Amino acid sequence: MAGGPTIKLNSGTEIPAIGLGTWQSKPEEVISAVEYALKEAGYRHIDCAWGYGNEKEVGEGIRRSGVPRSEIFITSKLWSTRHQDVEVALDESLSALGVEYLDLYLVHWPICLNPKGNHPNFPTRPDGTRDVIHDWPIWKTWEQMEAVLKKGKVKAIGVSNASEKILEELLPHVSVVPAVDQLELHLYNPQHELLDYLKSKGIVAQAYSPLGSTNSPLHTDEHVTDIAKKYELSNTDILLGYLLAKGMVVLPKSVTPARISSNFDGAIAALNKLSKEDVEALDKLAPSGKQKRIIMPPWGVDLGFRNWPGQSPLIL
Ligand SMILES: NC(=O)c1ccc[n+]([C@@H]2O[C@H](COP(=O)([O-])OP(=O)(O)OC[C@H]3O[C@@H](n4cnc5c(N)ncnc54)[C@H](OP(=O)(O)O)[C@@H]3O)[C@@H](O)[C@H]2O)c1
């Protein structure tokens with residue numbers, strides 16, 4: 001069935017549990033990747049962001065696919081230089097994508113960067129550190145997220161890269177609890193405790209970099225290879241199926257048609273085959289020494305994550 005398995009959000013809508021990632025997909029590649037994913041591979045969920053600089057081309061791919069807008073779940077994200085003018089930033093994404101609403105809009109990082117700084121995406125101070133506005137609390141951004149939700153420009157709102165510490169700062173101020181938290185989640189960065197916390201708050205976890213991103217060490221993990229052999233699946237299938245089995249949304253990125261297809265079909269095949277014992281064994285790999293976080297931009301702010309060297313205790 002097109003779209004694959006779904007997960008219910010606290011907003012009441014269903015999100016397809018497998019979405020196509022688009023970070024680092026070059027504009028000239030992403031048109032055909034998105035078209036292929038929707039038309040040929042069964043995807044009904046595309047994960048975008050203003051910060052990826054390719055929303056215009058993602059929109060073109062969506063139109064070329066011929067799949068009706070109403071059947072597609074589209075996420076975009078508010079970039080850090082836009083925390084003070086959420087609706088204007090959202091309108092830019094809607095216009096670039098060529099759609100009238102988003103299914104989900106996320107605060108990309110819980111950090112406000114100077115909108116009048118020396119760069120539109122990554123403003124820096126004279127000493128080279130990022131030009132962060134430290135006295136802008138996340139709830140001020142969230143108030144504006146709630147306003148665009150109320151206006152109907154987006155169907156659900158959520159956060160990304162929000163640790164328990166950030167959510168504890170935010171939640172006392174909200175009228176609408178974030179529907180999702182999009183996080184670096186994969187075999188080597190499973191963030192077990194944060195997942196438990198999100199569950200307790202009714203927030204769905206979305207796994208970004210589920211394959212370990214570019215040049216990933218995950219593809220050759222020997223434990224994954226053993227499980228893959230047992231079920232005659234690929235290692236990638238197991239990496240994705242493991243996350244699905246834990247109740248997350250997965251967002252594998254690819255611009256390669258064969259991989260776009262196999263990631264979708266393989267994730268579902270692995271979800272159907274992995275046993276409780278397989279999942280428990282995979283859960284233990286990071287705590288027993290394989291822990292590795294990959295995406296660590298030099299914000300110069302402690303986001304409150306564990307296993308972020310130099311910022312928080314190196315424990316799981
Ligand atoms: N919220 C955030 O801050 C945040 C941060 C990072 C990512 N994300 C989202 O999450 C998505 C996924 O994360 P990601 O792009 O970092 O990494 P990823 O999906 O874990 O890995 C993408 C890499 O794996 C390759 N690949 C894909 N399928 C493969 C397969 N079957 N076999 C071997 N290699 C394969 C891709 O190559 P090809 O494309 O060349 O096939 C690409 O190099 C992003 O695209 C973005 O939408 C969000």
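This note goes through the sheet, its central strands, an annotated residue and the ligand shell.

1. **Basis.** The model is predicted; local features need pLDDT of at least 70, side-chain atom pairs count only at pLDDT 80 or more, and totals for chains, interfaces and linings use all residues. Residues are numbered from 1 along each chain as its sequence is written.

2. **Sheet order.** Eight strands form an open sheet with parallel pairing, in the order β3-β4-β5-β6-β7-β8-β9-β10. β3 (20-21) and β10 stand at the edges; each has a single partner strand, so one side of each lacks a neighbour in the sheet. Strands here are DSSP runs of E with at least two residues, and helices are runs of H or I with at least four, both numbered from the N terminus. Two strands pair if DSSP finds at least two bridges between them.

3. **β6 to β7.** Strand β6 (residues 104-107) runs parallel to β7, and three bridges join them. L106 has G158 as its bridge partner in β7.

4. **β7 to β8.** Strand β7 (residues 157-160) is joined to β8 by two bridges, again in parallel. Here V159 is matched with D181 of β8. With helix α5 (residues 164-170), the two strands make a right-handed β-α-β unit. A crossover is right-handed if, with the strands pointing away from the viewer, the path from the first strand over the helix to the second runs clockwise.

5. **β8 to β9.** Five bridges link β8 and strand β9 (residues 204-208) in the parallel sense. V180 has V204 as its bridge partner in β9, and L183 stands opposite A207. Helix α6 (residues 192-201) completes a right-handed β-α-β unit with β8 and β9.

6. **β9 to β10.** β9 pairs with strand β10 (residues 249-250) in the parallel sense, over two bridges. A207 appears here too, with V250 as its partner in β10.

7. **Burial of β8 and β9.** Five of the five residues of strand β8 (residues 180-184) are buried, so β8 is largely enclosed by the rest of the structure. Buried means 20 or more other C-beta atoms within 10 Å of the residue's own, exposed means 12 or fewer, and partly exposed lies in between, with C-beta atoms placed from the backbone. β9 is mostly covered as well, with five of its five residues buried. In a regular strand, side chains alternate between the two faces of the sheet. Both faces of β9 are covered: V204, Q206 and Y208 lie on one side, A205 and A207 on the other.

8. **Y52.** An unreviewed UniProt entry annotates Y52 as "active site". Such annotations may be inferred rather than shown by experiment. Y52 sits in the loop between β4 (45-47) and α2 (55-65). Y52 is buried, with 22 other C-beta atoms within 10 Å. Beyond its neighbours within four places in sequence, Y52 is in contact (C-beta atoms, placed from the backbone, within 7 Å) with T22 and W23.

9. **Ligand shell.** The shell holds 28 residues, of which G21, W23, Y208, L211 and K253 come nearest. A residue is near if its C-beta atom, placed from the backbone, lies within 6 Å of the molecule. Helix α9 (residues 257-273) gives the largest share, three residues. By class, the shell has eight nonpolar, 17 polar and three charged residues. Ala, Val, Leu, Ile, Met, Phe, Trp, Tyr, Cys and Pro count as nonpolar, Asp, Glu, Lys and Arg as charged, and the others, Gly among them, as polar.

Terms used:
Two residues are in contact if their C-beta atoms, placed from the backbone, lie within 7 Å.
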